[in-house]
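Colleague: Please take me through the helices of this model, with the criteria behind each term.

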Amino acid sequence: AFDLDGTLLDSASSIVAGVMTCWTACGFPLPEPDTVRRIIGLPWEESVVSLLPDAGPREFAMIRNYHDEVARGERKRHVPDQTLFSGVIDLLEELDREGYLLAIITSRSSHRLHELLEKEKIAARFVSLKTTDHGPGKPSPDLMLQTLAELGIEARDAVMVGDTTFDVLMACNAGTAAIGVSWGVHEPHELREAGAHHVAEAIHELPLMIGQLTAR
């Protein structure tokens, strides 16, 4: 099971820019960019409260209205493009040839996740897609447990791959193995401290790490 942002998709800069644009439009005090990066991967409501501790119904409504206007084309949002990290396609093809069932567990909405996967032409690679539309987000084990139940997989035979401590903690809470990746938003030592069995420094390292953990 893969996280999306920061793991498969190089999107951190886009997400940070999007938050800054939204916050400016809403008149909120701007957070530091690194603060925004640190909360990528949390469920939407939690990420808003992390950046706006006093946020209530009014602030949530303003943010939703902003995104509704963007979706309707009434407001343009100029943010950097989001693309797959180099090597992701080869990774997915290799894992598919080896017979793994592939899933995504993300804090994106289902609609946005499908848009991104279709844009990158990788939607057919995954047999399960879980978002916060399906239940409590990371680090709760809920979405991982749903994935395992749907696919008939035992926790000991599953591996979560992600770039944040939220991904690693979700895996630990669900009883699965966890691999951190160093090219995302949290540092390798943080991923290890959270419980990651391995931390990959490059995408091509992942198949061997996954194989070692699933061979247990």
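Modeller: The exchange below treats helix packing first and buried helix faces afterwards.

This is a predicted model, in which local features need pLDDT of at least 70 and side-chain atom pairs count only at pLDDT 80 or more, while totals for chains, interfaces and linings use all residues. Residues are numbered from 1 along each chain as its sequence is written, and side-chain values use heavy atoms, with hydrogens and water left out.

Colleague: At what angle do helix α1 and helix α4 pack?

Modeller: Helices here are DSSP runs (H or I, at least four residues) and strands likewise (E, at least two), numbered from the N terminus. Axes are lines fitted to C-alpha atoms, for helices over the stretch in contact, and angles run from 0 to 180 degrees between N-to-C directions. The axes of α1 (residues 12-26) and α4 (residues 57-71) lie 10 Å apart, and the packing angle is about 115°. That makes α1, relative to α4, roughly perpendicular (65 to 115 degrees).

Colleague: How many residues of the contact of α1 with α4 are nonpolar, polar and charged?

Modeller: Contact means heavy atoms within 4.5 Å. Thr 21, Cys 22, Trp 23, Ala 25 and Cys 26 of α1 meet Met 62, Ile 63, Tyr 66 and His 67 of α4. Ala, Val, Leu, Ile, Met, Phe, Trp, Tyr, Cys and Pro count as nonpolar, Asp, Glu, Lys and Arg as charged, and the others, Gly among them, as polar. The contact of α1 with α4 thus holds seven nonpolar, two polar and no charged residues.

Colleague: Which residues are exposed on the other side of α5?

Modeller: Buried means under 20% relative accessible area, exposed over 50%, and partly exposed in between (1.4 Å probe, protein chains only). In α5 (residues 88-97), Val 88, Leu 91, Leu 92 and Leu 95 are buried. These cover an arc (of the directions from the helix axis to the C-beta atoms) of only 95°, which puts them on the same side of α5. On the other side of α5, the exposed residues are Asp 90 and Arg 97.

Colleague: What is the relative accessible area of Glu 94?

Modeller: Glu 94 is found in helix α5. Glu 94 is partly exposed, at a relative accessible area of 29%.

Colleague: Which elements do the buried residues of α7 pack against?

Modeller: In α7 (residues 142-151), the buried residues are Leu 143, Met 144, Thr 147 and Leu 148. Their arc of only 140° around the axis puts them on the same side of α7. They pack against β3 (103-105), β4 (128-130), β5 (159-162) and α8 (165-174).

Key. Angles under 35 degrees count as roughly parallel, over 145 as roughly antiparallel, 65 to 115 as roughly perpendicular and the rest as oblique.
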